[in-house]
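Here is a walk through one model, heading by heading. Have the sequence and the 3D view open while you read.

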Amino acid sequence: MISRKLRNSRKRKAVSSIIGGVLVFGMIFSVGTAYFYSITQSQFAYQKTVSQRDNFLSLQTQERLLVTGMVSAKMLQFYLNNTGISATMVAYWIINGSGFVIQYKNSSLTTYLPAYLGQGQSVVFNPGITYANQTYTIKVLTQRGSNFIGIYSTAANNNPIIQSLTASAIGDVYITWSSYSYYKIASCGPNQCLQRQGQAFTVPTSWATSNQMALGIRVVDLNPQQNNITLDMYTTLSNLLVPGCQGCNFNTVNWYIVSNSSSGQIQSTYSPITLFYNKPQTIIFGSKGPGSFSPFTISGGTISPPEIALVFITTHGCEAIALSQCNSNTFNYGQSIPYVSTLYS
Amino acid sequence: MKKRVSNHNKSSVRAVSVVLGSVLMIAATLAVGFAAWSWASSTAVNSENVYGKSVASNISYLNELFTISNANFSSIASQNVSVWIYNSGNLPVNIKQIWISNTTAVSGEQWSNTTTKLSNTNIPNCGHCLTVPPGTVKSIMLKVSTPFKSGVLYQFKILGQYGNTYSYEQTK
């Protein structure tokens with residue numbers, strides 16, 4: 001009897017302890033969990049925002065836009081070259097020599113904005129302002145809030161040394177020697193692409209006579225008036241192969257200019273290339289004839305290795321004339337550049 | 001027999017008091033327990049709210065991104081200047097105050113936007129504010145009491161709703 005009583009009383013104690021324990025645990029758990037959940041969520045949201053802001057500021061510092069003012073056909077233009085990460089231009093201001101804003105455009109005022117610029121891409125804006133022989137400041141705003149400024153000034157043009165060098169001694173278009181390269185023209189899907197092989201000061205004859213070859217060189221427009229130069233389809237690169245015997249004839253090989261995309265794909269039809277003042281640009285020669293792209297291989301008997309070739313780059317087209325108005329009636333530019341050679345080994 | 005009856009009554013009386021005692025103890029325990037739970041719970045909720053508000057304020061501060069992109073001194077009215085403000089963030093920015101000061105003057109002559117009042121908004125803690133939607137440039141024409149002088153460097157400073165500031169300098 002006693003043992004049964006004791007057993008019953010022990011049973012009751014055990015149940016109440018469990019209930020009590022469960023209640024206490026439930027109370028602590030409910031309060032603690034709710035508290036920590038709330039704090040964790042707030043902390044997560046905060047960290048996410050900090051991370052987003054850091055990322056935004058990091059991207060903002062990587063934006064690089066080069067703004068260059070220029071004059072074409074007496075109209076003020078500006079050239080925008082993206083040398084940083086992809087950026088979107090959302091607004092621009094043009095300020096005259098007196099410091100007053102003469103034009104402001106944003107996406108609601110012009111259809112040209114916002115203008116997306118991928119890495120290495122460039123674009124020319126024509127704000128429709130007639131050049132009035134004064135200094136212009138062009139201010140550009142990107143979507144990430146960065147400001148870039150370009151100035152168009154004629155002050156540098158009065159330098160007689162530059163004028164004599166460019167206009168009299170050398171010409172408007174300079175070449176960068178070290179950039180002279182030869183390329184293999186290879187298929188890439190439905191298009192033809194350029195594959196750089198190396199510097200073109202020496203080209204193996206066996207390679208040149210078994211592959212479709214193109215030649216390229218970086219040029220820069222240093223016209224003293226800072227005018228842009230448009231190259232037409234008759235711009236060529238010629239090789240005059242110097243014969244190894246006296247009185248023998250020169251063999252010649254000509255490559256016409258081609259236009260290619262930033263990814264190296266060659267366009268089937270040449271689109272005139274505009275060289276902007278002080279903006280280096282690589283031009284490629286790889287076509288047998290002008291206009292339509294037709295790659296070719298140098299025939300085997302043309303070269304007698306080792307044979308040196310005089311290289312002439314003949315540029316032709318328009319100067320200070322808008323691309324759309326550059327045609328056979330307005331051609332006003334032509335230059336021959338005889339400064340490099342190629343040895344066919 | 002008598003003894004047995006009296007013993008039985010005694011045990012009955014004792015049993016009632018034990019039950020009552022237990023009920024009272026349970027009630028007291030539960031009351032104290034729930035009181036403690038409610039206090040802990042409300043304290044935790046208050047703490048969560050305070051922390052949450054603090055975090056929300058920090059988040060709003062971090063999300064408030066704006067710049068002064070340009071300023072243009074009027075060529076006609078020498079007391080007027082246009083300021084372009086760009087919101088580079090993803091949320092609307094409310095500009096609470098704009099200061100224009102003459103940085104070259106020793107006295108540091110300073111103007112606030114008293115002559116050109118910002119429009120009244122119903123935004124809490126903002127009142128007279130200039131709202132700039134995300135990704136847009138908004139210009140505001142400000143008129144100050146003293147004419148701007150040519151060749152003097154002026155500083156423009158703007159204050160956002162959440163405490164961010166941006167300074168910009170331009171010479172007239």
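## A small sheet in chain A

A:Met70 sits opposite A:Gln77 of β2(A). This is a predicted model, where local features need pLDDT of at least 70, side-chain atom pairs count only at pLDDT 80 or more, and totals for chains, interfaces and linings use all residues. On bookkeeping, residues are numbered from 1 along each chain as its sequence is written, chains are lettered from A and ligands numbered from 1 in the order in which they are written, and side-chain values use heavy atoms, with hydrogens and water left out. Helices (H or I, at least four residues) and strands (E, at least two) are DSSP runs, numbered from the N terminus.

Back to the strands: β1(A) and β2 (residues 75–82) of chain A run antiparallel, with 8 bridges joining them. Two strands count as paired if DSSP finds at least two bridges between them. The open sheet here has 3 strands in the order β1-β2-β6 (chain A), and the pairing is antiparallel. At its edges stand β1 (65–72) and β6 (122–130) of chain A, and each has a single partner strand, so one side of each lacks a neighbour in the sheet. From one strand to the next, the twist averages 20°; axes are lines fitted to C-alpha atoms, for helices over the stretch in contact, and angles run from 0 to 180 degrees between N-to-C directions. As background, side chains in a regular strand alternate between the two faces of the sheet.

## More pairing around β15

Further along, strand β14 (residues 236–241) of chain A runs antiparallel to strand β15 (residues 251–258) of chain A, and 6 bridges join them. Look for A:Leu240, whose bridge partner in β15(A) is A:Thr252.

β15(A) also pairs with β18(A), again in the antiparallel sense, over 3 bridges. There, A:Tyr256 stands opposite A:Ser287 in β18(A).

## Where chain A meets chain B

How many residues of chain A are in contact with chain B? It's 32, set against 34 residues of chain B, with contact meaning heavy atoms within 4.5 Å. The two chains bury about 2500 Å² between them, 64% of it on carbon and sulfur atoms; buried area is the accessible area (1.4 Å probe) that two parts lose on being put together, summed over both.

Between chain A and chain B there are 12 residue pairs in polar contact, both residues at pLDDT 80 or more. A polar contact is a pair of N or O atoms within 3.5 Å; within protein, one must be able to donate a hydrogen and the other to accept it, and residues adjacent in sequence count only if both atoms are side-chain atoms. On the side of chain A that touches chain B, α1 (2–61), β3 (87–95), β4 (101–106) and β7 (136–142) of chain A each supply at least two residues. α1(A) gives the most, with 16 residues.

## The salt bridge

Over all chains, the whole structure has 1 salt bridge, meaning a side-chain nitrogen of Lys or Arg within 4 Å of a carboxyl oxygen of Asp or Glu. A:Glu63 and A:Arg144 form it, with their closest N and O atoms 2.9 Å apart. The pair links distant parts of the chain, 81 residues apart: A:Glu63 is in the loop between α1 and β1 of chain A, and A:Arg144 in the loop between β7 and β8 (147–152) of chain A.

## Backbone oddities

A cis peptide bond joins A:Leu113 and A:Pro114, with omega about 0°. Another joins A:Pro305 and A:Pro306, where omega is about -10°.
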